[in-house]
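Trainee: Can we go through this one together? I'd like to hear the reasoning behind each label.
Mentor: Sure, let's take a look.

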Protein chains: 2
Amino acid sequence: MSSDFAMRLAFAHRLADAAGDFIRPYFRKPIAVIDKQSRAYLDPVTEADKGAEQVMRDMIAREFPNDAILGEEYGEKEGGTGFRWVLDPIDGTRAFITARHHWGTLIALEEKGVRALGIIDQPILRERYVGIEGSSAAIICETRSPIKVRPCSSLSEAVITTTHPFEYFTDVQEKSFERVAKSCRMSRYDGDCYGYALLASGFVDLIIEASLSPWDVAALIPVVEGAGGICTDWQGNPIGALSNTQKTDFVAAGDARVHAEAIKRLNAA
Amino acid sequence: MSSDFAMRLAFAHRLADAAGDFIRPYFRKPIAVIDKQSRAYLDPVTEADKGAEQVMRDMIAREFPNDAILGEEYGEKEGGTGFRWVLDPIDGTRAFITARHHWGTLIALEEKGVRALGIIDQPILRERYVGIEGSSAAIICETRSPIKVRPCSSLSEAVITTTHPFEYFTDVQEKSFERVAKSCRMSRYDGDCYGYALLASGFVDLIIEASLSPWDVAALIPVVEGAGGICTDWQGNPIGALSNTQKTDFVAAGDARVHAEAIKRLNAA
């Protein structure tokens with residue numbers, strides 16, 4: 001770990017603390033919800049979402065003024081240090097506004113284009129999941145423990161989850177997903193970013209999603225991979241660099257055997 | 001409130017405390033899972049589930065030996081006092097084993113066949129929802145606040161939830177559910193018993209489910225109705241007395257306008 005990275009790692013925890021402090025009072029309070037697009041499904045942004053990103057951007061501007069930033073709410077800022085922060089202050093807005101706990105603050109750090117750090121922070125539960133340099137940890141109420149995916153020998157033994165049965169899938173994707181899900185032992189249709197923390201912790205075997213943004217995958221991949229899991233697209237390829245408007249489909253698995261079966265079945269049509 | 005009832009109300013909180021103390025260490029620990037039926041979907045019971053019911057039954061036997069008991073795990077015990085306890089130690093086993101927080105301990109008390117008390121307890125979050133005599137309250141980390149459903153003028157403004165998109169529905173029910181869900185502003189496919197606490201707290205407008213057991217509805221109805229909500233079957237009729245093997249379909253709504261529209265659309269085919 002370079003000293004430049006180490007400084008930023010400690011700082012990343014302060015970013016998560018600050019975002020959590022900002023967001024916490026908004027949870028389960030009536031808040032103004034704005035539709036960003038006139039799409040059929042709701043994609044709300046909240047005061048908490050925007051405010052928390054501003055808090056984090058201001059901190060980065062003070063501490064590391066030449067680092068690049070990509071945030072869900074306020075877009076991109078160029079940098080010159082080789083480091084880029086990727087921020088999603090509230091991932092899982094639907095979970096947030098329906099008073100569930102499956103939303104989280106996503107913070108990632110890339111060094112020269114390589115994903116070096118991912119944080120999934122759930123400030124209400126005081127749970128933070130951190131992936132870095134091939135290892136992941138859960139920090140729950142200040143207690144840090146390593147986390148690992150669990151072994152699972154086949155799809156028929158696997159617990160599969162996705163955030164919603166159809167909102168984020170095309171019709172074709174929905175059918176492909178269902179083909180996999182019906183082969184699994186159990187399915188659950190919730191999770192949002194928090195689902196990946198639970199997969200990395202060994203409670204879920206497979207997550208299949210689509211329409212993930214760069215600020216989603218940037219934090220999720222280090223947490224899952226650090227815990228021994230696999231993240232690819234639906235073809236089984238690694239998730240490469242994404243442009244800021246690009247979405248990706250996504251498969252995360254704890255066990256390579258489940259991953260291989262899932263990819264095969266996703267593409268079986 | 002009769003003094004007989006008041007004594008049992010204080011005792012019901014001790015039952016919930018004891019169940020929570022028993023269950024808490026099992027959450028997120030590897031536990032033995034047993035399939036109760038050879039059905040396609042998983043209906044696991046856990047050591048925590050059975051143990052917590054035994055703890056509660058033992059407490060009732062000591063304190064109110066002539067009260068009747070109906071529990072999900074250990075069935076029925078006749079009584080002679082006019083009071084019956086209805087217990088489901090862990091409702092939402094799927095949520096439990098996938099490390100989510102949407103499960104809860106359900107405790108209800110009937111007095112001469114009338115639902116008099118319902119408790120939805122989430123011991124990990126330290127949240128308890130209590131419905132009694134036409135009012136409901138949330139006790140969150142020891143702080144008690146009254147809860148109320150929120151107004152919602154129409155289905156098109158409503159947030160609808162159900163626990164799973166298809167596991168608990170027949171094919172016909174699934175289509176009916178989808179017809180309602182697609183008319184709503186937003187849908188979410190999780191919640192389990194905890195969803196009813198969130199509806200009673202004003203964060204969700206409509207829940208439509210099927211295959212609920214007597215030990216589910218016994219606790220849910222007082223919490224929802226005490227907060228000003230409505231609970232019926234899919235035809236809009238009150239949920240009457242259920243035999244111990246009987247399941248019921250279920251609609252809970254915060255606002256009568258949403259309830260009326262939902263019933264109409266459920267039966268529109």
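**Cysteines and a helix pair**

Mentor: Start with B:C193, which is buried at a relative accessible area of 0%. Keep in mind that this is a predicted model.

Trainee: Why is B:C193 called buried?

Mentor: Buried means under 20% relative accessible area, and B:C193 has 0%, so the label applies. A:C193 comes out at 1%, so that residue is buried as well.

Trainee: How do you know that the sulfur of B:C193 is too far for a bond?

Mentor: A disulfide needs cysteine sulfur atoms within 2.5 Å. For B:C193 the closest cysteine sulfur is in B:C231, 14 Å away, so a bond is ruled out. In chain A, the sulfur of A:C193 has its closest cysteine sulfur in A:C231, also at 14 Å and therefore too far. Over all chains, the structure has zero disulfides.

Trainee: Now the helices. What makes α1(A) roughly antiparallel to α2(A)?

Mentor: Helix α1 (residues 3-23) of chain A and helix α2 (residues 47-63) of chain A have axes that cross at roughly 150° and come within 9 Å. Angles over 145 degrees count as roughly antiparallel, so that is the name for this pair. The crossing itself is right-handed.

Trainee: Which residues make the contact?

Mentor: Among them are A:F11, A:L15 and A:F22 from α1(A), and A:V55, A:M59 and A:I60 from α2(A).

Trainee: How do the residues of that contact divide?

Mentor: Twelve are nonpolar, one is polar and three are charged. A:G51 is part of the contact, and Gly counts as polar.

Definitions and conventions: Residues numbered from 1 in each chain as written. Chains lettered and ligands numbered in written order. Predicted model: local features only at pLDDT ≥ 70, side-chain atom pairs only at ≥ 80, totals over all residues. Heavy atoms only, no water. Axes fitted to C-alpha atoms, helices over the stretch in contact; angles between N-to-C directions. Helix = DSSP H or I, 4+ residues; strand = E, 2+ residues; numbered from the N terminus. Parallel < 35°, antiparallel > 145°, perpendicular 65-115°, else oblique. Left-handed = near helix turned anticlockwise from the far one by under 90°. Contact = heavy atoms within 4.5 Å. Buried < 20%, exposed > 50% of the residue type's maximum accessible area, 1.4 Å probe, protein only.
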